[in-house]
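Here is a walk through one protein chain, written for someone meeting it now. Have a look at the model, then read on.

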Amino acid sequence: MKKPTELLKEEHQGVLQKLDALEDVINNLEHKEKASARLKELTSFFDTDFWVHFDKEGKALFPEFDNFMPRGAGPLAVMMDEHEVLRETNVVVHEAVTRYLDDDDSAAVIQVIRQNGTHFIEFLRNHIFKEDSILFRMAEMHLQQAQNERVIRLFAEIERTTKSDLK
Ligand SMILES: [Fe+2]
């Protein structure tokens, strides 16, 4: 059976590919026809599926760190704060993308998408790097088999409940 950190790292690889695609699109917003379809697909990913991943970390994996890492301080607190920054930046990007798709593709709107989108992309790449290289490595050292199994069960539950929420 795969460890929860292995599953999350695989999801990170998928997210990094979406970020490359997003970077490409926000550099080509002047070609609206081409950009629109890809932009819709990417913003829908970052509005929905992506948060399931954060829940898996924040609600299933990180709580298992309690016996070796404090929750309200240090690296775990930093990761949770970064999740919030990403949520907030995503809202700003989403609003600007909606305006762009709804017929306001002015330079000002493009500028908002580009600035905040770039921030989102760079911030998230860095965040993933820190999780993969620091937090997940520590989880792999400290978590017992029973804990890994519990986390995997919670992942399935999070996927199930979040998907039914979206319907
Ligand atoms: Fe992550």
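## Helix α2

Helix α2 runs for 16 residues, and its first and last C-alpha atoms sit 21 Å apart, close to the 22 Å expected at 1.5 Å a residue. This helix covers residues 32-47. What you're looking at is a predicted model, by the way.

Which residues of α2 are buried? They are Ala35, Leu39, Leu42, Thr43 and Phe46. The buried residues of this helix pack against three others: α1, α3 (residues 49-61) and α4. Ser44 belongs to α2 as well, but Ser44 counts as exposed because it has 12 C-beta neighbours inside 10 Å, and a residue with 12 or fewer is exposed. Ser44 also has a distant partner in sequence: His94 is 50 residues away along the chain, yet their C-alpha atoms are 9.0 Å apart.

## The chain as a whole

Stepping back, the protein chain has six helices and zero strands, so to speak a plain α-α-α-α-α-α pattern when read along the sequence. Its C-alpha atoms fill a box of roughly 55 × 35 × 25 Å along the principal axes. Of its 167 residues, 21% count as buried.

How do the contacts spread over the sequence? Take those in the protein chain with a separation of 6 or more: 77% of them join residues 24 or more positions apart.

## How confident is the prediction?

The average pLDDT of the protein chain is 93, and 97% of the residues score at least 70. Among the elements, α1 has the highest mean pLDDT, at 97, while helix α6 (residues 145-166) has the lowest, at 88. As a rule of reading, where pLDDT is low, the predicted coordinates should not be read in detail.

## Helix α1

Helix α1 takes in residues 4-26. Its 23 residues should span 33 Å at 1.5 Å a residue, and because its end C-alpha atoms are 33 Å apart, the two figures agree. Pro4, Thr5, Leu8, Leu22, Val25 and Ile26 are buried in this helix.

Lys18 is in α1 too. Is Lys18 buried or partly exposed? Lys18 is partly exposed, because 17 other C-beta atoms lie within 10 Å, and 20 or more would be needed to call it buried. Setting aside neighbours within four places in sequence, Lys18 is in contact with Leu42 and Phe45. Ile121 is 103 residues from Lys18 in sequence, but their C-alpha atoms are 9.5 Å apart in space.

## Two nonpolar cores

The largest nonpolar core has 15 residues, and Val25, Val97 and Ile113 have the most contacts inside it. Four helices each supply at least two residues of this core: α1, α2, α4 (residues 74-101) and α5 (residues 107-142). Apart from this core lies another one, of nine residues, including Leu61, Ala139, Leu143 and Phe155. In soluble globular proteins, nonpolar side chains tend to be buried together.

What does Val25 touch, not counting residues up to four places away in sequence? The list is Ala35, Arg38, Leu39 and Leu42. Two of the names there, Ala35 and Leu39, are buried residues of α2.

## Helix α4 and the loop after it

With 28 residues, α4 reaches 40 Å from its first C-alpha to its last, close to the 40 Å expected at 1.5 Å a residue. The buried residues here are Leu76, Val93, Ala96, Val97 and Tyr100, and the buried residues of α4 pack against α2 and α5.

Past the end of α4 comes Asp103, in the loop between α4 and α5. Asp103 has a positive phi of about 105° although it is not a glycine. For context, most residues other than glycine have a negative phi. Asp103 is exposed, because it has 8 other C-beta atoms within 10 Å.

## A residue in α3

To finish, take Trp51, which lies in helix α3. Trp51 counts as partly exposed, because it has 18 C-beta neighbours inside 10 Å. Trp51 and Arg87 are 36 residues apart in sequence, and their C-alpha atoms are 8.7 Å apart in space.

Terms used:
Residues are numbered from 1 along each chain as its sequence is written. This is a predicted model: local features need pLDDT of at least 70, side-chain atom pairs count only at pLDDT 80 or more; totals for chains, interfaces and linings use all residues. The expected span of a helix is 1.5 Å times one less than its number of residues. pLDDT is the predictor's confidence in each residue, from 0 to 100. A nonpolar core is a set of buried Ala, Val, Leu, Ile, Met, Phe, Trp, Tyr and Cys residues joined through C-beta atoms within 7 Å. Two residues are in contact if their C-beta atoms, placed from the backbone, lie within 7 Å.
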